[in-house]
Amino acid sequence: MYTTKEEENKTMATKARIGLLTKNHTAQTIEVAYEGYPEYTGELLKKHFKLSKEIRALLKKGDIIQLEDSLDKIEHDDLQGNAQQHRFIGHISQLAEDTLADYIYLFQESDRTWYLLEEGEMKNI
């Protein structure tokens, strides 16, 4: 039986990376083990994590099992680790080089907007 990538993503672990981009070409990121697809994680980020301080609190949790609609519901993924710091000199696509994440969500502080990094390009979500 043939299934689409979207259908597969909803039945398998869909990894994601969530990050905060600062004005000085650094990013702090965490990994999400499950439910990383845009219809779930992307929507929760847009609706419930709108301020830099909320996103920083999320990142302090370190890698997580799954994103939820409030910080107190989110479980740290003990098998993974803490938030990672990245400094990129070239292009933002460098943030996709060292991860197995299917989706990379980045909050840009300068314009207070969530983006999805796809094929090296930042797309508004």
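## The sheet

In this predicted model, 6 strands are arranged as an open sheet whose order is β3-β2-β1-β4-β5-β6, and their pairing is mixed. The edge positions are taken by β3 (84–87) and β6 (121–124), each of which has a single partner strand, so one side of each is left without a neighbour in the sheet. On average, and with direction ignored, neighbouring strands of this sheet are turned by 30° against each other.

Strands of a sheet pair through backbone hydrogen bonds, in either a parallel or an antiparallel manner. Here β2 and β3 run antiparallel and are joined by 4 bridges, and Ala27 stands opposite His86 in β3.

## Helices across the sheet

Two helices can be described by the strands that they cross. Helix α2 lies across β1, β4 and β5, and runs at about 10° to β4, while α3 lies across β1, β2, β4 and β5, and runs at about 135° to β1.

## The two faces of α3

Within helix α3, which spans residues 52–60, the residues Ile55, Leu58 and Leu59 are buried. Because these residues cover an arc of only 95° around the axis, they lie on the same side of α3. The partners against which the buried residues of α3 pack are the strands β1 (16–21), β2 (26–32), β4 (103–108) and β5 (113–118), together with the helix α2 (38–48).

The face of α3 that is turned away from this buried side carries Lys53 and Lys60, which are exposed. Just after α3, the chain reaches Gly62, which takes a positive phi of about 80°.

Terms used. Residues numbered from 1 in each chain as written. Predicted model: local features only at pLDDT ≥ 70, side-chain atom pairs only at ≥ 80, totals over all residues. Heavy atoms only, no water. Buried < 20%, exposed > 50% of the residue type's maximum accessible area, 1.4 Å probe, protein only. Arc of directions from axis to C-beta. Contact = heavy atoms within 4.5 Å. Pairing = 2+ DSSP bridges. Axes fitted to C-alpha atoms, helices over the stretch in contact; angles between N-to-C directions.
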